[in-house]
Amino acid sequence: MAAAQGAGGGSAGPAGPPASAPGHGSGSAAVAVWEWQDEFGRWRPYRGNVCSYIEQVIQASQQKGRRSGSGLVSSIPLGHADPALAPYVIDIPSLTQFRQDTGTMRAVRRHVFPADSAAGQGIVWEWQNDEGGWSPYEMNVCVFLEQARATNHQRVDLGPLGYNYEVDFVAQVQTNKSTRFRRSVQRRLDAPYPVTTSTTPLHTGVGCSCQQCWPNSGTGPITTRYRHSTNSPNSAAAHQVPGRTASVSSSNVGFVPYNKPALTGARSTPRLNAQNTLVLAQSGSLSAALAASNGVSAQALPVKMSKSSRVSQALAATPTEPESVVKKYLEELKGAPADEDCMICMEKLSSPSGYSDSCHSSSIRPEAVGRLRNCQHSFHMLCMLAMYSNGNKDGSLQCPSCKTIYGEKTGTQPKGKMEISTFPQSLPGHKDCGTIRIVYHISRGIQGPEHPNPGMPYTARGFPRYCYLPDNEKGRKVLELLKVAWKRRLIFTVGTSNTTGESNTVVWNEIHHKTEMDSNLSGHGYPDPNYLDNVLAELAAQGVTEDCLGQ
């Protein structure tokens with residue numbers, strides 16, 4: 001399981017946090033389960049071994065704090081527990097999971113369940129997703145299902161937990177009560193979740209303000225890092241609504257250099273007859289006229305795509321030597337702020353960089369501190385060098401604090417083709433206009449030096465992928481920016497699929513697409529009044545704004 005977003009697919013499993021669940025219990029034996037919140041509001045449990053690692057780190061930090069008087073650990077890199085989670089760090093003060101290459105953040109929470117529950121026995125209930133893989137229910141649903149099965153129920157309604165599904169234990173299927181769409185379910189035995197020694201009351205449902213439940217409130221940014229305090233702040237709740245994408249940003253998350261990303265894939269939808277087909281071919285230059293599905297000739301767009309598997313040749317004049325890039329965007333300070341931390345290594349700026357043992361430079365000293373020229377945030381220059389050297393090395397930098405991008409950010413999207421067409425049918429919620437259809441074509445290939453495993457093959461499941469926008473002013477604006485994102489190789493990447501667990505495969509890369517025209521029960525279709533604004537924000541987070549148009 002990798003903490004990533006599904007930007008496509010059909011009707012999915014339960015979406016959104018439960019409306020009700022059991023509350024506090026007695027102080028009996030218990031296990032701890034950590035979960036992260038996906039873009040549709042679903043809480044997804046980490047596996048038992050990952051939760052065990054998180055608990056061990058926190059317990060060791062608490063013991064060290066009692067001896068030395070220091071505060072709770074600030075960040076926990078999940079790659080230490082599972083190599084597939086190498087891009088992800090849990091920031092404890094803000095209760096956020098942070099994906100290091102894109103800056104995407106997810107709320108995390110910690111729940112405690114009785115030791116004799118499904119969690120304590122290592123029992124996980126899962127539903128079959130669109131790609132044929134298995135996705136876990138959130139843990140309180142697993143506990144609910146296991147209790148129902150243990151009491152010989154043949155069928156159970158998930159309505160009391162806020163989901164429009166019923167589960168048939170005999171047929172082993174989940175049924176959507178509105179559409180009657182059925183999915184297979186399974187009961188799987190995994191490693192038990194870690195026993196907790198916490199003496200606070202058990203909590204098995206929606207979070208409250210007690211110390212046991214403090215991770216539950218971590219769904220939004222906080223204004224102070226609280227690095228040297230064990231007191232957890234009450235951050236404002238910002239739960240994401242199922243079917244709507246949301247962009248969460250924070251200036252309080254530590255950034256640690258890492259080795260490459262992971263995300264999720266999506267399925268395609270049936271082809272429609274189309275008009276005015278346009279093609280963007282990411283293979284050197286635009287093809288000439290290509291035949292559309294209904295025989296209409298394609299129009300070539302005056303956009304040149306990259307021949308290189310690395311970055312656009314338009315950036316050839318941009319200095320990409322790591323030291324040159326760092327010095328271009330950071331101004332070295334004569335004196336370091338006395339009480340300010342470096343957000344990358346979490347050490348004081350008045351001390352040498354925490355990466356001085358692993359990152360060496362002939363021109364940047366370990367104690368050198370620099371300030372980014374526009375946003376004015378300060379970091380160890382050697383930490384910024386380590387961060388840049390572990391990324392795409394495309395001549396751009398992104399501030400770990402405010403996510404301001406310096407230069408032109410590019411990604412690691414494999415070669416492919418972007419096809420654009422229009423047709424008169426309206427999308428739900430946009431009855432006054434037709435529809436834009438985008439089709440992405442990417443084939444399997446060999447990973448380049450910018451990918452997680454250079455020289456190894458990568459797969460490309462579910463292509464071509466079909467996506468839809470309203471053919472109105474804002475929809476056309478999103479389309480033009482998506483063309484820029486495609487040109488910069490930002491829409492897909494090579495990583496690990498969250499839905500299937502397959503590694504070395506083409507996955508979505510943090511810019512959400514609507515892959516269904518209607519039936520937004522899954523979160524992948526319309527109506528969705530916030531989608532266009534949200535995807536504009538996601539594009540802006542990648543440095544793709546209106547300023548890019550016409551360049």
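Contact here means heavy atoms within 4.5 Å. In this predicted model, helix H3 (residues 139-150) lies across four strands, namely E7 (123-128), E9, E10 and E12 (182-189). These strands belong to an open sheet of 6 strands with antiparallel pairing. A further helix pair, H6 (residues 473-487) and H7 (residues 531-541), has axes that come within 10 Å.

**The sheet**

- The strand order is E8-E7-E12-E11-E10-E9.
- Strand E8 (134-136) and strand E9 (155-157) occupy the edges; each has a single partner strand, so one side of each is left without a neighbour in the sheet.
- On average, neighbouring strands of this sheet are turned by 30° against each other, direction ignored.
- Edge strand E9 pairs with strand E10 (residues 165-168) in the antiparallel sense, over 3 bridges.
- Within this pairing, Val156 stands opposite Val167 in E10.

**Helix H3 on the sheet**

- Helix H3 runs at about 105° to strand E7.

**Helices H6 and H7**

- The axes of H6 and H7 cross at roughly 25°.
- Angles under 35 degrees count as roughly parallel, and H6 and H7 are therefore roughly parallel to each other.
- The crossing in which H6 passes H7 is left-handed.
- On the H6 side, the contact is made by Lys474, Gly475, Lys477, Val478, Leu481, Leu482 and Ala485.
- Helix H7 contributes Leu532, Asp533, Val535, Leu536 and Leu539 to this contact.
- By class, the residues of the contact of H6 with H7 comprise 8 nonpolar, 1 polar and 3 charged.

Terms used. Residues numbered from 1 in each chain as written. Predicted model: local features only at pLDDT ≥ 70, side-chain atom pairs only at ≥ 80, totals over all residues. Heavy atoms only, no water. Pairing = 2+ DSSP bridges. Helix = DSSP H or I, 4+ residues; strand = E, 2+ residues; numbered from the N terminus. Axes fitted to C-alpha atoms, helices over the stretch in contact; angles between N-to-C directions. Parallel < 35°, antiparallel > 145°, perpendicular 65-115°, else oblique. Left-handed = near helix turned anticlockwise from the far one by under 90°. Nonpolar A, V, L, I, M, F, W, Y, C, P; charged D, E, K, R; others polar.
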